[in-house]
Amino acid sequence: MACGKRYAWREKLPLSKCRVIVTRPASGSKKLTLLLQQLGAEVVELPSIRTQLRDCAEQLRLVLDEIAAYQYLVFTSPAGVDYFLNCWTIWNWTCDVSV
């Protein structure tokens, strides 16, 4: 069997002719990279985003004091969720909210 025919299955994958650049921080890109590769993409990891925590605990505490007044909480990154949940746990916060 010719080598080309043996690997022709790869050309049938949905992203087989695509090159994708993943700019997420290196610590959070592996899962996405693997998924894209499984779909046939050639993946280039080029971390260009750096997550840096700001000390906004006091602002967060003010929000948590009024959390029941909010209809939605919107998080823009996994790091933001981690920070929120970490503060929530450290302060032993409780609230009647539905997720």
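In this predicted model, T33 touches V22, V43 and E45, leaving aside residues up to four places away in sequence. T33 has its place in helix α2, a segment that spans residues 30-38. Two of these partners can be placed within strands: V22 falls in β1, which covers residues 19-22, and V43 falls in β2, which covers residues 42-45. The third partner, E45, is likewise a residue of strand β2. With a relative accessible area of 8%, T33 is buried, because the cut-off for that class is under 20%.

The residue E45 leads on to the charged pairs of the model. Besides its contact with T33, E45 joins K30 in a salt bridge, with 3.1 Å from N to O. This pair connects distant parts of the chain, since K30 belongs to helix α2 and E45 to strand β2, 15 residues apart. Helix α2 therefore holds both K30 and the buried T33. The two partners of the bridge fall into separate accessibility classes: K30 is exposed at a relative accessible area of 55%, whereas E45, at 32%, is partly exposed.

Strand β2 also takes part in a second pairing, this time with strand β1. Here the side chains of E42 and R19 form a salt bridge of 3.4 Å, again given from N to O. E42 lies in β2 and R19 in β1, with their positions 23 residues apart in sequence, and this pair too links distant parts of the chain. R19 is exposed, with a relative accessibility of 60%, while E42 is partly exposed at 42%. A search of the whole structure finds 2 salt bridges, and these are the pairs E42 with R19 and K30 with E45.

It helps to set these details against the chain as a whole. The chain contains 4 helices and 2 strands, which follow the order α-β-α-β-α-α from the N terminus. Of its 99 residues, 16% count as buried, and T33 is one of the buried residues. Among contacts between residues at least 6 apart in sequence, 50% join residues at least 24 apart. The accessible surface amounts to about 8,500 Å², and carbon and sulfur atoms account for 56% of that area.

Attention now turns to helices α3 and α4. The largest pocket holds about 460 Å³ of space. Its lining is made up of 17 residues, of which C56, L60, F75, G80 and Y83 are the closest to the centre. Two elements, α3 (57-65) and α4 (78-90), each give two or more residues to this lining. Helix α4 supplies the largest share, with 4 residues. Sorted by class, the lining comprises 10 nonpolar, 6 polar and 1 charged residues.

Contacts of A57 tie in with this region. A57 has its place in helix α3 and touches Y83 and W91, again without counting residues up to four places away in sequence. Of these two partners, Y83 is among the residues closest to the centre of the largest pocket, and its number puts Y83 within helix α4. A57 also lies 7.5 Å from C87, C-alpha to C-alpha, although the two are 30 residues apart in sequence. C87, like Y83, falls within the residue range of α4.

Notes
Residues are numbered from 1 along each chain as its sequence is written. This is a predicted model: local features need pLDDT of at least 70, side-chain atom pairs count only at pLDDT 80 or more; totals for chains, interfaces and linings use all residues. Side-chain values use heavy atoms; hydrogens and water are left out. A salt bridge is a side-chain nitrogen of Lys or Arg within 4 Å of a carboxyl oxygen of Asp or Glu. Buried means under 20% relative accessible area, exposed over 50%, partly exposed in between (1.4 Å probe, protein chains only). Contact means heavy atoms within 4.5 Å. Accessible areas come from the Shrake-Rupley method with a 1.4 Å probe; for residues, only the protein chains shown count as cover. On a 1 Å grid over the protein atoms alone, a cavity is a set of points where a 1.4 Å probe fits but cannot get out, and a pocket is an open set with protein on both sides within 12 Å along at least five of seven lines; lining residues have an atom within 4 Å of a point. Grid points are joined across faces, edges and corners, and a volume is the space filled by probe spheres set on the points. Ala, Val, Leu, Ile, Met, Phe, Trp, Tyr, Cys and Pro count as nonpolar, Asp, Glu, Lys and Arg as charged, and the others, Gly among them, as polar.
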